[in-house]
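Biologist: I am new to this structure and would be grateful for a close look at a single part of it. Please describe the surroundings of the metal site and what lies beside them.

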Amino acid sequence: MSNLSSLKSIPKAEIHCHLEGAAPPDLVRRMAERNNVELPEALFTDDGTFRWTDFPDFLNTYDMASSSMRKAVDYRDVTYEYLRDCAAEGAIYVEVFSSPDHAATMGMSYGDHLTGMVDGIDDAFRDFGIVGRIIVTCVRHLGPERAVDVARATVAELHPHVVGFGMGGNEMDFTQADFRPAFDMAAAAGLPCTTHAGEVDGAQSVRDAMDHLPITRLGHGVRAIENPDLVAEIAEKGIVLECCPISNFATGVYKDYSDHPLPKLMAAGCKVTLNSDDPPYFATTIGHEYEQAAAGFGFTPAQLLDITRNAINGAFVDAATKVDLLQKVDAYQIET
Ligand code: ADE
Ligand code: ZN
C-alpha cells in the first residue's frame with residue numbers, strides 16, 4: 001500500500017460534486033448568520049458533519065443547509081472555499097454541479113447564482129491554480145417541467161465556465177425519459193450531459209438513461225453491475241462513471257470497499273473516476289476518496305493517476321484545457 005503523504009501530492013480531478021452539498025457546517029453557519037437565516041441546531045452533528053437518516057432525509061437536510069445561501073457572494077464563497085480545499089489536497093480540476101432550482105427557491109436569479117460561482121472559480125484559479133467548471137443540474141423529484149425551465153435558463157445565458165448539463169435528485173421519482181425535453185434542449189445548445197442513475201435505483205435506471213438521454217457520463221452508474229451486458233455496453237461506448245464510493249457507503253448502497261463494484265467495473269473496461277459527491281454530508285473529501293480507495297481497493301499510485309486521467313478525459317471542459325491538465329498528470333513523478 002502507498003504511504004498517505006505520497007498520495008496527497010498525486011494530481012486529482014473530480015467531476016461529481018454538488019456545490020450546494022459542498023459547504024461544510026462552519027460555512028453554512030457563517031452564511032446563515034450574515035443572511036439572518038435560522039437553522040435548527042439539530043441539523044449539525046458534533047463532529048463537523050450534518051445529521052440525516054436515510055436517502056430522502058439526506059436530500060431534505062441538504063435542502064435545509066443550502067437554504068443558507070441567499071446571495072451571489074454566498075455562491076462565490078462556497079465555490080472558492082471548496083476549490084481552495086480541493087487544491088490543498090492535490091486536485092487540479094473540479095467540476096461542480098449546481099442547481100438553479102435551489103437558488104430560485106431562495107429568491108435568486110439564474111444570473112446572480114451564476115455570477116457568484118464564476119467569481120469563485122476565477123478567484124480560486126488566480127489564488128491556487130485549480131481549474132473549476134460548472135455543470136448546471138435540474139432536480140429529478142421537482143419534475144420534468146421544472147427541468148425544462150432550468151435547461152431554458154442555462155442555454156439562454158451560456159457562460160464559458162458552464163460546461164455541461166445534468167440531473168440530481170431522487171431517482172425513484174419519474175423516469176429518465178420524462179426529462180428528455182430538458183436534456184435535448186441542453187444538448188442542442190452544445191452542452192454535454194450526465195445524469196444520476198444506478199445509485200439508489202438498479203441497473204434498469206442506467207438502461208433508461210442510456211436509451212433516452214443524450215448522456216456521455218453517468219452519475220454513480222455503479223448498479224449497472226447488476227447487468228453484465230449493460231456493463232459491457234458502458235465499456236464499449238466509453239461512458240464515464242462518476243463513482244462516489246464513500247457516498248455509497250453512507251447512503252447504504254454498498255456496505256464497504258469489499259462490497260463495492262468499482263474494481264469489477266474497471267476490470268470490465270469501464271472508465272471509472274473517484275468523487276466526493278456531497279463531502280461534508282459523507283465525511284469525505286476528494287483527497288480522502290483517493291486515500292481510502294488506495295487502502296480499500298488496493299489501488300497503486302499509477303492506477304490512481306489513471307483514474308485522474310479518466311476524469312480529465314471525461315470532463316466537459318474544452319480540449320485545450322484538457323491537454324494542459326493531462327500534461328500535469330503525465331509530469332507527475334510517482335515516489336518510489
Ligand atoms: N443531490 C445531491 N446529492 C445527491 C446524490 N448523491 N444523489 C442524487 N441527488 C443528489
Ligand atoms: Zn451526486
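**The zinc site and its surroundings**

Modeller: The model is predicted. A useful point of entry is Leu218, which, apart from neighbours within four places in sequence, is in contact with Thr194, Thr195, Ala197, Val206, Ala209, Met210, Ile234, Ile239, Val240, Leu241 and Glu242. Leu218 also belongs to the largest nonpolar core, which has 110 residues; Leu218, Tyr93, Ile134, Phe165, Phe183 and Ile234 are the members that touch the most others. Helix α4 (residues 72-88) supplies the largest share of this core, seven residues.

The metal site itself comes next. The zinc ion (ligand 2) is held by the NE2 atoms of His16, His18 and His196 and by OD of Asp277, at 2.1 to 2.2 Å. The angles among these four donor atoms run from 87 to 172°, and the site is irregular. Along the sequence, the donor residues follow the spacing H-x1-H-x177-H-x80-D. His18 belongs to strand β1 (residues 12-18) and His196 to strand β5 (residues 193-197), so this pair ties together parts that are 178 residues apart in sequence. His18 and His196 are both buried.

His196 also leads to Arg140, a residue of the loop between β3 (131-139) and α7 (144-156). Leaving out residues up to four places away in sequence, Arg140 touches His196 as well as Met167, Gly168, Gly169, Asn170, Glu171, Asp173, Phe174, Thr175, Gln176 and Phe179. Although buried, Arg140 has no salt bridge: Glu171, the nearest side chain of opposite charge, is 5.1 Å away, whereas a salt bridge requires a distance within 4 Å.

Definitions and conventions
Residues numbered from 1 in each chain as written. Chains lettered and ligands numbered in written order. Predicted model: local features only at pLDDT ≥ 70, side-chain atom pairs only at ≥ 80, totals over all residues. Heavy atoms only, no water. Core = buried A, V, L, I, M, F, W, Y, C linked by side-chain atoms within 4.5 Å. Buried < 20%, exposed > 50% of the residue type's maximum accessible area, 1.4 Å probe, protein only. Helix = DSSP H or I, 4+ residues; strand = E, 2+ residues; numbered from the N terminus. Contact = heavy atoms within 4.5 Å. Donors = N, O, S within 2.8 Å, 3.2 Å for Na, K, Ca; no water. Tetrahedral: all angles 85-135°; square planar, octahedral: opposite > 155°, others 65-115°. Lys, Arg positive; Asp, Glu negative; His and termini not counted.
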